[in-house]
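Dear colleague,

Please find the sequence and the structure below. My notes on strand pairing, burial and one helix contact follow.

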Amino acid sequence: MNSLSGPEPTSPDAAKYYDAFAETGMYEEDSEAIGWPAAVDVLVGKAIEAATGGMTSHLDLAAGSGIAIEAVKRRLKPERTVAVDASARMLDLLRGKELDGVDIQHETVQRFVEATGDRFDLITFMSAAEFLPNLPVTLHRTARLLNKNGTMLFTYLPLDEGQRPEELIDDTEKLGASAVVHSWPAQEIEWSVTDSGLEVLEHARLADIQPVDTLDYNFMIARKLHAGN
């Protein structure tokens, strides 16, 4: 059975982990320290440059405090921005920035992409795909939310030979919470995207274009080839 079959369990540990992180008041400071906003800015710039049509609508999955939204707004003025996150405390950080025109949805990524009938020109999904137990399924469903020629940008943890498919993020001393992360073979992720009707425009290691002192992410930029599901 391939990864697009079978159930897709949810992982509430990630929401609790980020609730605890937000409550420490250290999230923005820690993000800056590892170079994450700069990396997101570079990736968002590449995704926008790769676009072939206008971008008037933006969906940010696992939006957190809105780092990707800020990067998009520096370059574009989308008519609609939807921010989705399972962590209520992280969304409080986003609300505190008072960004114009952001529709905040307190929901898991999996449930949102399954339930919404909306469509978007740009979808970003940064530094959170590793918390999904079945990422290929979620990518397949997310691809359906793109307009024709719409662009999707996401990061994930590639599974290297000899690497365990699950690792435990244990930050109990600082946060009092932990979460399980998942990694995936790069070829399987690429297959799930192309099988969803998207053209892969770029698929590489984040470290090859921007140094970040954090998990060793891959990133992918892909474009929807046809309208419809």
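Phenylalanine 154 has methionine 220 in S9 as its bridge partner. This pair belongs to the antiparallel pairing of S5 with S9, which extends over six bridges. Please note that the model is a predicted one.

S9 covers residues 218-224, and seven of its seven residues are buried. The burial applies to both faces of S9: Asn218, Met220, Ala222 and Lys224 lie on one side, and Phe219, Ile221 and Arg223 lie on the other. Such a division follows a general pattern, in that the side chains of a regular strand alternate between the two faces of the sheet. S9 is also joined to strand S8 (residues 198-205), with which it runs antiparallel through seven bridges. Within that pairing, valine 200 has alanine 222 in S9 as its bridge partner.

S5, which spans residues 146-156, pairs with S4 as well, here in the parallel sense and over five bridges. In this case leucine 146 in S5 is the bridge partner of phenylalanine 120. S4 itself comprises residues 120-125, and six of its six residues are buried. Strand S1 (residues 57-61) runs parallel to S4 and is joined to it by four bridges; there, leucine 61 stands opposite phenylalanine 125 in S4.

I turn next to the helices. How many of the nine residues of helix H7 are buried? The number is seven, so that H7 (residues 135-143) is mostly covered. The buried residues are Leu135, Pro136, Val137, Thr138, Leu139, Thr142 and Ala143.

The remaining item is the packing of helix H3 (residues 36-50) with helix H4 (residues 67-75). Their axes come within 9 Å and cross at roughly 50°. H3 and H4 are therefore oblique to each other, and their crossing is right-handed. On the H3 side, the contact involves Trp36, Pro37, Val40, Asp41, Val44, Gly45 and Ile48; these meet Ile67, Ala68, Ala71, Val72, Arg74 and Arg75 in H4. By class, the residues of this contact divide into nine nonpolar, one polar and three charged. As general background to the spacing of such positions, an α-helix has 3.6 residues a turn, so residues three or four places apart point the same way.

With kind regards

Terms used:
Residues are numbered from 1 along each chain as its sequence is written. This is a predicted model: local features need pLDDT of at least 70, side-chain atom pairs count only at pLDDT 80 or more; totals for chains, interfaces and linings use all residues. Side-chain values use heavy atoms; hydrogens and water are left out. Buried means under 20% relative accessible area, exposed over 50%, partly exposed in between (1.4 Å probe, protein chains only). Helices (H or I, at least four residues) and strands (E, at least two) are DSSP runs, numbered from the N terminus. Axes are lines fitted to C-alpha atoms, for helices over the stretch in contact, and angles run from 0 to 180 degrees between N-to-C directions. Angles under 35 degrees count as roughly parallel, over 145 as roughly antiparallel, 65 to 115 as roughly perpendicular and the rest as oblique. A crossing is left-handed if the near helix is turned anticlockwise from the far one by less than a right angle, and right-handed if clockwise. Contact means heavy atoms within 4.5 Å. Ala, Val, Leu, Ile, Met, Phe, Trp, Tyr, Cys and Pro count as nonpolar, Asp, Glu, Lys and Arg as charged, and the others, Gly among them, as polar. Two strands pair if DSSP finds at least two bridges between them.
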